[in-house]
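Visitor: I am new to this structure and would like a close look at a single part of it. Could you take one helix and tell me how its residues are placed, and then what else can be seen in the model?

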Amino acid sequence: MLIRQLLRRIYMFSELQDMELERLQEMSVRRIYPRGQVIFHMGDRGGNLYIVRQGRVKVTIPFPNGEEAIIAILSDGDVLGELSFIDRKPHGATVTAVERTEMLCLQRELFLDFLKSRIEVALRILELLAHRLRDVNALITEKHFLDVPSRLSRKILDLSKTFGIRENGGIRIGVRLTQKDLASMVGATRESVNKQLRILRQNEIIRLSNGYIRVLDPLRLFSLANAAA
């Protein structure tokens with residue numbers, strides 16, 4: 001996909017004219033990251049805005065014991081680094097490529113100069129930031145008020161909506177996920193997630209194959225996700 005076409009698909013740039021999109025394209029720096037490479041660490045100096053052109057990345061909070069909490073998985077057209085772009089403080093999370101990923105980097109000073117004439121783009125960046133904060137609040141609320149089966153079911157549903165591919169009478173989540181990944185997403189132990197996945201498989205609600213999850217019965221999964229809400 002051409003860079004200009006990608007920018008057009010992004011909400012904050014969707015109302016821009018072709019000349020303005022070309023200007024953004026000219027100020028963007030293209031970078032390629034192989035699978036497993038860190039794009040930036042938590043604590044690194046921030047300021048630039050990043051856009052996933054192609055591929056997938058995970059946003060994590062690392063812990064001293066080597067564990068991590070996966071906050072989000074982002075893919076084509078998603079924007080990251082918006083918080084550090086606004087306040088110039090160090091990044092609050094680590095971002096790692098989970099597959100070969102191409103990123104566009106908008107350098108802060110050049111992009112700020114662009115925003116001076118397009119205040120509506122700046123407002124949409126603030127909307128994005130508000131959306132991310134609401135997502136974090138939802139994660140905290142779920143961890144405190146929902147049990148592991150409900151949290152896991154909700155996460156599988158969310159992933160199927162974002163990355164789902166309809167095939168063979170089900171919805172395959174197009175991202176390989178380990179039990180450790182799922183545990184870090186829902187704030188649970190790998191053992192408890194393993195147990196719940198086994199129950200979901202036995203009840204023919206999901207199927208696991210080669211690291212992929214296929215949702216066989218979305219309605220029953222939805223019921224489990226909201227059982228303790």
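Guide: What follows looks closely at one helix and then turns to a pocket and a hairpin. Please keep in mind that the model is predicted.

The helix is α4, which spans residues 108-115, and within this helix R108, F111, F114 and L115 are buried. When one looks down the axis of α4, these buried residues fall within an arc of 125°, so they line one face of the helix. This can be set beside a general rule: an α-helix has 3.6 residues a turn, so residues three or four places apart point the same way. As for what covers the buried residues of α4, the list includes the helices α2 (18-27), α3 (82-87) and α5 (119-145), together with the strands β3 (49-54) and β8 (101-106).

Turning to the second largest pocket, about 380 Å³ of space lies within it, and 18 residues form its lining, with R35, V98, E99, V175 and R176 lying nearest the centre. The elements that each give two or more residues to this lining are the strands β5 (68-74) and β7 (94-97) and the helix α7 (179-186). By kind, the lining of the second largest pocket divides into eight nonpolar, six charged and four polar residues.

Last comes the hairpin, in which strand β11 (residues 206-209) pairs with strand β12 (residues 212-215) in the antiparallel sense over four bridges, and I206 stands opposite V215 in β12. Two residues lie between the strands of this hairpin, where N210 takes a positive phi near 55°.

Notes:
Residues numbered from 1 in each chain as written. Predicted model: local features only at pLDDT ≥ 70, side-chain atom pairs only at ≥ 80, totals over all residues. Heavy atoms only, no water. 1 Å grid on protein atoms, 1.4 Å probe; cavity = no way out; pocket = protein on both sides within 12 Å on 5 of 7 lines; lining within 4 Å. Points joined across faces, edges and corners; volume = space filled by probe spheres on them. Nonpolar A, V, L, I, M, F, W, Y, C, P; charged D, E, K, R; others polar. Buried < 20%, exposed > 50% of the residue type's maximum accessible area, 1.4 Å probe, protein only. Arc of directions from axis to C-beta. Contact = heavy atoms within 4.5 Å. Pairing = 2+ DSSP bridges.
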